[in-house]
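Work through the following exercises with the sequence and the coordinates at hand, and try each task before reading its solution.

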Amino acid sequence: MTFIAKPKIVHKGLSRNALGLTIRDYEGGMSTLCAGCGHDSVTSAIVQAFFELDIPPNQVAKLSGIGCSSKTPAYFLDASHGFNAVHGRMPSIATGASAANRKLYLIGVSGDGDSLSIGLGQFSHALRRNLDMLYIIENNGVYGLTKGQFSASADVGTKAKKGEVNEQQPIDPVQMAMAQGGTFVARSFSGDKDQLVPMIKAGIRHKGFGLIDVLSPCVTFNDHEDSTKSYAYTRRFFHPAVHADFVPPAEEIRTAYDDGEAMPVEMHDGSRIVLRKVSDQYNVHNRGAALDFIRSHHRRGEIITGLLYIDEAEPDMHGISRTPDAPLAQVPFEELCPGSQAMAGLQERFR
Amino acid sequence: MKPTKTEDTEYFHQVVDCQWGCPAHTDVPEYIRLIALGRFSDAYMLNRGSNVFPGILGRVCDRPCEPVCRRGRVEDKPVAICRLKRVAADNRGDIRSRLPVAPKQKNGKRIALVGAGCASLTVVNDLMPLGYECVIYEALDKTGGLMRTNIPAFRLPASVLDEEIDYIVDMGADLRLNTPVNSMRELLDEGYDAVFVGSGAPKGKNLNIPGRNDSDRIHVGIQWLESVAFGHTESIGKKVLIIGVGNTAMDCCRTSLRLGADDVKVMARKPRGFFKASDWELEDAEEERVEIVVNHSPREFVLRDGKLVGMMFDLMDYDIDDNGRIVDSRVTGEKFFPCDDVVLAIGQDNAFPWIERDLGIEFDRWEVPVVDPVTFESTLSGVFFGGDAAFGPKNIIWAVEHGHQAAISIDKYCRASPLTERLPRGVNLQSAKMGIHEWSYSNDFDPSARRIMPHVDLKRRFKKLDIEVELGFTAEQVITEVERCLNCDIQTVFTDNLCIECDACIDICPVDCLTIAPNADEVTLKQNLKAPVLEPTQPFFVSGPLKHTARVMVKDENLCVHCGLCAERCPTAAWDMQKSTLNIPYALDESAEDMARCQRKAG
Ligand SMILES: Cc1cc2nc3c(=O)[nH]c(=O)nc-3n(C[C@H](O)[C@H](O)[C@H](O)COP(=O)(O)OP(=O)(O)OC[C@H]3O[C@@H](n4cnc5c(N)ncnc54)[C@H](O)[C@@H]3O)c2cc1C
Ligand SMILES: Cc1ncc(C[n+]2csc(CCOP(=O)(O)OP(=O)(O)O)c2C)c(N)n1
Ligand code: SF4
Ligand code: SF4
Ligand code: SF4
Ligand SMILES: [Mg+2]
């Protein structure tokens with residue numbers, strides 16, 4: 001952390017987006033995380049993505065659980081709505097928020113502890129519901145906030161700062177989401193904004209549950225030599241398999257791609273993601289093959305990154321539940337709450 | 001790109017825009033911090049070390065530092081550097097015990113100085129402590145040169161001049177007032193060890209158009225100001241036209257108002273933006289309701305019955321290209337302006353009627369002597385020039401810098417040491433870190449706007465000629481203004497092998513001046529920055545290859561506000577904030593170095 005807040009200086013090199021806002025208008029409060037924490041970089045990637053998407057901050061709800069990672073929504077988009085849930089319970093709150101106002105952009109920030117230990121069940125069900133939100137796991141292999149105990153994502157053989165070795169199998173949120181039918185599954189690295197920012201943009205635009213597992217080193221408790229989640233290790237072993245370029249609606253695809261290599265995916269709002277395979281063995285269309293690829297590389301200690309799977313066709317929670325288009329928050333009270341007589345009638349039907 | 005050589009003094013020096021822009025390289029951020037601490041005497045002495053006349057310059061300096069001040073690039077207005085200098089001068093304690101002193105034991109060398117203006121006085125200031133005997137010849141009965149005769153007392157009170165000039169003369173200089181040098185040959189014959197010419201550029205330019213010589217109500221600006229300063233001229237007509245729109249014109253129009261004029265117009269040939277006068281001088285004149293009339297070129301003086309009644313002007317129209325340059329002009333009509341007096345303020349020329357042309361001192365075709373820009377020696381060895389006399393009219397702070405350099409040369413000349421073997425400038429770096437997030441300077445950015453100088457009210461200020469208009473900053477203004485300084489001398493120093501490429505510094509930088517990118521040629525690298533390069537002349541830093549990816553850390557110094565956040569955020573202290581101190585050699589240092597060298601040779 002720093003002891004003074006980042007001063008707001010509107011300098012001449014600062015650009016404005018379609019709403020006339022600068023990127024500084026998408027920032028939040030002063031971070032209290034350790035200097036060099038990967039989570040702060042993810043925060044800054046989120047700020048950039050929302051700025052570039054021209055999304056008005058007041059149309060966003062930020063949600064999180066407990067952990068250093070879960071503190072970060074306080075550090076971006078300070079003109080947005082937000083809810084800091086109890087440990088591991090953010091998906092329930094997000095479900096409620098989405099049910100009440102489906103027009104809001106929901107962004108959840110969680111940690112490997114928050115999502116894969118105490119919150120694993122909640123996480124699984126959010127996936128199952130295909131809740132329309134972007135769900136970011138800032139994955140550092142430890143419980144940072146409680147001083148660096150191994151989390152459920154710690155690899156076998158990785159060492160803690162004091163030397164103990166983890167011997168339990170890790171839970172990989174990406175493999176879990178692939179296996180469970182996730183509709184947008186991605187992995188990235190806090191230290192690679194070129195990859196991360198377009199991925200966040202695509203995740204925000206995706207209709208349904210967008211999962212990004214972001215390797216985000218804990219510089220204080222898990223950045224030592226025998227850690228598999230350090231800056232050095234991640235830089236050495238991460239392998240981008242697919243690159244995703246985000247192209248907003250009404251904009252032409254300008255970058256020149258080689259034939260067969262590029263695959264544009266149309267999003268529900270007309271924007272597109274152009275996927276580019278980096279590794280030729282990777283099969284983006286085939287859930288099973290993709291999963292095998294990730295698994296086999298993981299066994300060799302390699303970390304496959306990129307937008308690894310996307311399916312825009314699956315209905316999200318609102319589609320499945322056939323809820324009305326208008327956000328419930330905008331339905332007039334009389335309609336939303338038809339009164340005790342109607343309630344009694346309804347109950348009568350089930351007697 | 002190759003890694004930037006920050007060991008090279010010039011890199012960090014250039015980052016301190018004000019100090020780089022100041023001809024005498026005054027350590028501005030340090031004196032501002034001293035003022036912030038209430039250490040006014042220390043701030044004064046620090047100033048005096050480089051610019052010799054802090055009280056004078058704190059009022060009337062041309063301030064080349066302010067237009068280049070970084071603050072002016074980050075927001076609208078630069079730090080009020082000049083006004084803060086005055087704060088140090090006005091609030092200093094008795095500093096006389098801290099002034100340089102001349103040794104009782106002289107070194108046996110005698111120097112003649114022509115003119116008692118700021119250039120000569122600086123030479124005396126630097127040479128007296130080394131044991132030189134300095135003889136100053138001054139044509140007038142007062143010291144100070146144009147500072148006294150031309151800069152009006154309502155901008156620069158005589159008491160301020162006297163005090164700072166006395167500091168120098170009181171070291172024991174042999175000041176000979178009312179003693180013009182009428183022949184350089186005779187002066188050389190007196191056997192001085194060296195001669196310094198600081199006689200200024202004393203000739204006001206004339207305007208040779210019809211009617212010029214037919215009236216005594218047409219005055220040449222600098223002569224007229226001088227006669228006002230000496231009390232020979234005490235009044236002027238009601239309607240006055242000032243020709244020209246430089247700083248002299250500003251002093252002429254404001255002086256006219258104080259001598260009884262009530263309708264003063266400054267006549268400019270060109271449009272606004274092409275004026276020579278500084279913005280602040282224009283502002284001050286316009287505040288006093290002087291009208292500035294643009295696009296009027298003087299054609300003739302109009303006299304009726306032998307009496308000046310006005311002037312006829314050509315109306316001008318200009319074509320200006322995209323770069324803001326005038327490419328064509330034409331006359332579109334004419335206009336008459338009635339007036340009682342005209343003051344010509346269209347520039348100054350050098351004039352050396354007293355220097356014989358067969359002495360070996362060469363002059364160019366504009367009557368400007370040929371002077372070496374480093375040593376200030378003329379083509380006759382042992383004769384040095386400085387101030388307006390050297391390269392034509394400039395300003396006080398340039399004259400001071402010339403004086404410093406000439407003093408070094410004179411000292412070397414007298415000791416038969418080569419004039420061009422001069423000490424290089426050095427830079428010292430010292431970490432400003434005091435604790436985890438504690439720095440030895442106020443690193444938080446203060447968004448306050450520039451404070452506005454309070455003035456004596458419009459009615460009162462015209463009552464007498466010498467009422468100083470600017471009142472000086474109030475204590476509250478000082479407190480705010482010092483915090484506007486961005487401490488550009490507290491440098492961001494990068495150690496590449498410590499960086500773990502976590503991006504923390506990149507994310508936190510409030511002005512986006514840092515980037516980690518694959519190394520490339522300059523053009524490519526500059527295209528891949530987080531924020532565009534807006535000022536290509538600003539220093540640009542490229543690190544060596546970083547440990548993990550071999551990419552490089554790049555910094556565009558242009559907008560860095562020296563907030564230290566990059567260093568606070570860096571987990572490995574790869575960035576550190578370090579105070580840079582520039583070591584500028586003066587005659588005293590050069591002299592000591594030369595002596596040491598001699599001793600080494602002898603030993
Ligand atoms: C109207 C006006 C306003 C100005 N305002 C400013 C301002 O606000 N800020 C600023 O920085 N600069 C200003 N300047 C410029 C500044 O005054 C000069 O650049 C500066 O004074 C030059 O100093 P100098 O020592 O070279 O010469 P001068 O100040 O000209 O001093 C030369 C001295 O030499 C004497 N002398 C000349 N010939 C002889 C001789 N043969 N024998 C003996 N003595 C001789 C003269 O009498 C004079 O005293 C202004 C100039 C003018 C004309
Ligand atoms: C119900 C409950 N159990 C345990 C805790 C203690 N606790 C706080 S944060 C945390 C783990 C956070 O780990 P992670 O989500 O990975 O966040 P990180 O700090 O690593 O970013 C735990 C166990 C708690 N706050 N509440
Ligand atoms: S403890 Fe680890 S995860 Fe938490 S802020 Fe510090 S570096 Fe980041
Ligand atoms: S000190 Fe560091 S963080 Fe602050 S503006 Fe300069 S480079 Fe950016
Ligand atoms: S904060 Fe330090 S370690 Fe991190 S990228 Fe910047 S210089 Fe490198
Ligand atoms: Mg964690």
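The exercises below concern a predicted model and go from the whole of chain B to a single residue.

**Exercise 1.** Describe the secondary structure of chain B and decide whether the radius of gyration of chain B fits a globular protein or departs from one.

Solution. Begin with the elements: chain B holds 23 helices and 23 strands. Next, compare its radius of gyration, 27 Å, with the 25 Å that the globule rule gives for 603 residues; the two values are close, so chain B is as compact as a globular protein of that length. Finally, for the outline, the C-alpha atoms fill a box of roughly 90 × 65 × 45 Å along the principal axes.

**Exercise 2.** Characterise the burial, contacts, surface and charges of chain B.

Solution. First, 58% of the 603 residues of chain B count as buried. Second, among contacts with a separation of 6 or more, 72% join residues 24 or more positions apart. Third, the chain exposes about 25500 Å², of which carbon and sulfur atoms supply 50%. Fourth, chain B carries 72 positive and 92 negative charges, and the mean positions of these two sets lie 2 Å apart.

**Exercise 3.** Place B:Val523 in the chain, and determine whether this residue is buried or exposed.

Solution. Start with the element: B:Val523 belongs to helix 21, which spans residues 522–527 of chain B. Then take the relative accessibility of B:Val523, which is 57%; because exposed means over 50%, B:Val523 counts as exposed. Lastly, consider B:Met1, which is 522 residues away from B:Val523 along the chain, although their C-alpha atoms are separated by 9.6 Å.

Conventions:
Residues are numbered from 1 along each chain as its sequence is written. Chains are lettered from A and ligands numbered from 1 in the order in which they are written. This is a predicted model: local features need pLDDT of at least 70, side-chain atom pairs count only at pLDDT 80 or more; totals for chains, interfaces and linings use all residues. Side-chain values use heavy atoms; hydrogens and water are left out. Helices (H or I, at least four residues) and strands (E, at least two) are DSSP runs, numbered from the N terminus. The radius of gyration is taken over C-alpha atoms; the globule rule is 2.2 Å times the number of residues to the power 0.38. Buried means under 20% relative accessible area, exposed over 50%, partly exposed in between (1.4 Å probe, protein chains only). Contact means heavy atoms within 4.5 Å. Accessible areas come from the Shrake-Rupley method with a 1.4 Å probe; for residues, only the protein chains shown count as cover. Lys and Arg count as positive and Asp and Glu as negative; His and the chain ends are not counted. The place of a charge is taken as NZ of Lys, CZ of Arg, CG of Asp or CD of Glu.
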